[in-house]
Amino acid sequence: MTVPTGDAGWAVDLLQGMGGTPTRRSTIGCIIPAYNEEDAIAGVLDSLLSQTRLPDVVHVVVNNTTDATAEIAGHYAGMHVRGQDAAMQRTEIFVHDIGENPDKKVGALNYGFTLVEGLDYLLGVDGDTTADPRAVELLVGEIEDDDRIGGISAIYSIDDTDVEGWFPKFLIAGQRAQFAAFNLQNLLRGRNMAVLGGQYSIFAVEALHKVVEQTHQRFPWVRDSEIEDSLLSLQIKSAGYLTKISAGARANVGGMPNLRSLDAQQVKWNTGAIDLMWPGQRGDTKGQPFHPNLRLRWFENISMVVNGFTRLGFIVLLVCALSFDAFEFSPIWLIPPVIATLLNTRVALAMHDANRKDYVFAMALVPSELYMWIRLGHFSRSWVKFASRSQTDNWALQAKAESGGAGATYLMPFAIVAVLIGATIAAWWQLPVDLKSEALVVGWTALGIVTISQTAWLLLRALRRHRGFRA
């Protein structure tokens, strides 16, 4: 063989002589922890079988279920073949009913982890999550492209096509907006993802083994944390890997159509996050307040405190001012809601599949404001649980709420707010007029400073470039 003088020419000749360099196809094991998912599991498996890149094996791990989840999933068990010749793909589906499992979803995930030993990647899919046909292909392509990535999450939203009733539509629209804002924040932060949500994420099995080794755990997921996904994401980051959000892979998760289930889900998420931010209350989950993956969590909590302060402060000061004709309207007060509406509209415009309901939610102001009050209720309940060191099984509470069996605890924050406002106003009536005037001056000044700062920050977020990302 004639060796060319240039390095590039030598490389071309070498490749031609070899007939091209063979490429190895990565192996993927998919784990689906399923608990009472008889209404959704068929759609999840159909979605996986419709992927342009099939997982090599799918393990449905049914746990603690009391419905027909295992039976329905069992109809899909066996080998599935698609395509012909070089384009042929195979995947085999196994259904494991592990019965009563005290570790619930965590136990199901760890059971599945033992079944994919020796494969390159673990794809975790919730029992109510479906994805776009190219989701697995895109996730695998991205994690293969950068060996530093330990896990990568799809862009999450909620399918609102079949939602009936005005109130469930309102709640789902709020959750879609919440997901979109969260996705956009992560996409614009270098696609760094603080939480690799288990709804549809792919992990390098090597990174999971590194976590087990460094933490001296038996398995990657531990039951000590309320939000096992967040803890594992922190551990993957601490093991030296990156945690990312996909640029294009999309998945639809199950939404919460009523206040009970939404409250239970959000309180579980928030309480688990607080446990990671502060010294943990469950098992050996140590708080890691300065961990880089928790910076966004701190910002979210501080933001919610400011949101609560400005809203409650405005209501109290407005009522107090009206009580002795000291209220004067100023058009400048319209600026904060206008800026907030602008930000909400920009988020809606950045949504991949935005529809009329999303735009109405963003632009009408009242729906988004009402949903913020609901979120403030979840936020305050979570911190009260933390402060009281209440040891409750929030997984069980969420499952109970989703089945309609929970009580009215989700209304407690609103009752407490009503009592506090009432007590403040009652005390206000007892003050002399001079003291009332001084209190109003101090109160409006403090509220004005905070509101101006908050509005400026909202404006910056509303004006920032999205660089082509779609949430």
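**Exercise 1: the sheet**

In which sense do strand β1 (residues 28-34) and strand β5 (residues 121-125) pair, and over how many bridges?

*Solution.* Strands β1 and β5 run parallel and share four bridges. Before going on, please note that this is a predicted model, in which local features need pLDDT of at least 70 and side-chain atom pairs count only at pLDDT 80 or more, while totals for chains, interfaces and linings use all residues. Residues are numbered from 1 along each chain as its sequence is written, and side-chain values use heavy atoms, with hydrogens and water left out.

- Terms: strands (E, at least two residues) and helices (H or I, at least four) are DSSP runs numbered from the N terminus, and two strands pair if DSSP finds at least two bridges between them.
- Register: Ile28 faces Tyr121 of β5.
- Whole sheet: the nine strands form an open sheet with mixed pairing, in the order β3-β4-β2-β1-β5-β8-β7-β9-β6.
- Edges: β3 (78-82) and β6 (130-131) each have a single partner strand, so one side of each lacks a neighbour in the sheet.

**Exercise 2: the partners of β4**

How do β2 and β3 run relative to β4?

*Solution.* Take the two pairings in turn.

- Strand β2 (residues 57-62) runs parallel to strand β4 (residues 89-97), with six bridges joining them. Here Val60 stands opposite Val95.
- β3 and β4 are antiparallel and joined by five bridges. Val81 has Arg90 in β4 as its bridge partner.
- The hairpin of β3 and β4 has six residues between the strands, and Gly83 takes a positive phi near 85° there.

**Exercise 3: one side of a helix**

Which residues of helix α2 (residues 41-49) are buried, and why do they lie on the same side?

*Solution.* Start with the cut-offs: buried means under 20% relative accessible area, exposed over 50%, and partly exposed in between (1.4 Å probe, protein chains only).

- Ile41, Val44, Leu45, Ser47 and Leu48 of α2 are buried.
- They span an arc of only 155° around the axis, so they sit on the same side of α2; the arc is taken from the directions between the helix axis and the C-beta atoms.
- The background is simple: an α-helix has 3.6 residues a turn, so residues three or four places apart point the same way.

**Exercise 4: contacts between helices**

Is Ser382 buried or exposed, and which residues does Ser382 contact?

*Solution.* Contact means heavy atoms within 4.5 Å.

- Ser382 belongs to helix α13 and is buried, at 1% relative accessible area.
- Apart from neighbours within four places in sequence, Ser382 contacts Gln266, Val267, Asn270, Thr271 and Ile274.
- Now turn to Gln266, found in helix α9 (residues 259-277). Gln266 is buried too, with a relative accessible area of 5%.
- With neighbours within four places set aside, Gln266 contacts Gln178, His378 and Ser382.
- The C-alpha atoms of Gln266 and Arg375 are 8.1 Å apart, although 109 residues separate the two along the chain.

**Exercise 5: empty space**

What volume does the second largest pocket have, and which helix gives the largest share of its lining?

*Solution.* The search uses a 1 Å grid over the protein atoms alone: a cavity is a set of points where a 1.4 Å probe fits but cannot get out, a pocket is an open set with protein on both sides within 12 Å along at least five of seven lines, and lining residues have an atom within 4 Å of a point. Points are joined across faces, edges and corners, and a volume is the space filled by probe spheres set on the points.

- The second largest pocket holds about 510 Å³. It has 22 lining residues, and those closest to its centre are Leu376, Ser380, Arg381, Pro413 and Val417.
- α10 (295-323), α13 (366-388) and α15 (412-428) each give two or more residues to this lining, with the largest share, nine residues, from α13.
- By class, the pocket lining has 16 nonpolar, four polar and two charged residues (Ala, Val, Leu, Ile, Met, Phe, Trp, Tyr, Cys and Pro count as nonpolar, Asp, Glu, Lys and Arg as charged, the others, Gly among them, as polar).
- Cavities of 30 Å³ or more number three. The largest cavity has about 60 Å³, and its lining includes Ala181, Arg346 and His466.
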